[in-house]
Amino acid sequence: MLYQSDTFVVVQVELPSEAGTPARGGYEIVDKLSRTDIWLEGAIAESFRRGVEALVERDPGPEAFDDFIAGYAQLAQQPLTLH
């Protein structure tokens with residue numbers, strides 16, 4: 001888990017490589033308020049990572065992280081379900 005607030009949870013997932021394929025990974029963002037989640041991988045995950053790193057360098061408060069994450073979370077269309 002990379003981040004947790006009253007609004008969001010962000011988890012980084014690293015999937016191991018299999019027989020000649022490159023390792024994969026990405027980020028899952030859960031919006032607690034709207035009860036949706038989104039999976040980011042590839043170029044959009046890289047953009048997310050760079051944005052988070054830039055925020056960390058400025059050392060902002062939690063509101064800045066939530067605002068940044070909200071920009072990605074608004075793309076979420078997958079409702080959360082309990083199994």
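**Exercise 1. Place Thr7 in the structure, and decide whether Thr7 is buried or exposed.**

Step 1: Thr7 sits in the loop that runs between strand S1 (3-4) and strand S2 (8-15). Strands (E, at least two residues) and helices (H or I, at least four) are DSSP runs, numbered from the N terminus. A word on the model before we go on: this is a predicted model, where local features need pLDDT of at least 70 and side-chain atom pairs count only at pLDDT 80 or more, while totals for chains, interfaces and linings use all residues. Residues are numbered from 1 along each chain as its sequence is written, and side-chain values use heavy atoms, with hydrogens and water left out.

Step 2: Thr7 has a relative accessible area of 18%, so Thr7 is buried. Buried means under 20% relative accessible area, exposed over 50%, and partly exposed in between (1.4 Å probe, protein chains only).

Step 3: Now look for its contacts (heavy atoms within 4.5 Å). Not counting residues up to four places away in sequence, Thr7 touches Val30, Asp31, Lys32, Leu33 and Asp66.

**Exercise 2. Work out which residues of helix H1 are buried, and what they pack against.**

Step 1: Start with the helix itself. H1 (residues 43-58) has 16 residues and reaches 23 Å from its first C-alpha to its last, close to the 22 Å expected at 1.5 Å a residue. That expected span is 1.5 Å times one less than the number of residues.

Step 2: The buried residues of H1 are Ala45, Phe48, Gly51 and Leu55. They cover an arc of only 125° around the axis, so they are on the same side of H1. The arc is that of the directions from the helix axis to the C-beta atoms.

Step 3: Turn to the other side of H1, where Ala43 and Glu57 are exposed. The buried residues of H1 pack against S2, strand S3 (24-31), strand S4 (36-41) and helix H2 (62-73).

**Exercise 3. Describe the sheet and find which strands stand at its edges.**

Step 1: Five strands form an open sheet in the order S1-S2-S3-S4-S5, with antiparallel pairing. Two strands pair if DSSP finds at least two bridges between them.

Step 2: S1 and strand S5 (78-79) stand at the edges; each has a single partner strand, so one side of each is left without a neighbour in the sheet.

Step 3: Inside the sheet, S2 and S3 run antiparallel and are joined by eight bridges. Follow one of them: Leu15 has Arg24 as its bridge partner in S3.

**Exercise 4. Find what links Tyr27, Phe48 and Tyr72.**

Step 1: A search of the whole structure finds five aromatic pairs. Rings of Phe, Tyr and Trp (its six-membered ring) pair if their centres lie within 6.5 Å; planes under 30 degrees apart count as stacked, over 60 as edge-to-face and the rest as tilted.

Step 2: Tyr27 and Phe48 form a tilted pair, 5.2 Å centre to centre with 55° between the planes. Tyr27 lies in strand S3 and Phe48 in helix H1, so this pair ties together parts that are 21 residues apart in sequence.

Step 3: Phe48 and Tyr72 form an edge-to-face pair, 5.1 Å centre to centre with 90° between the planes. Because Phe48 lies in helix H1 and Tyr72 in helix H2, the pair ties together parts that are 24 residues apart in sequence.

Step 4: Put the rings together: ring pairs link Tyr27, Phe48, Phe68 and Tyr72 into a cluster.
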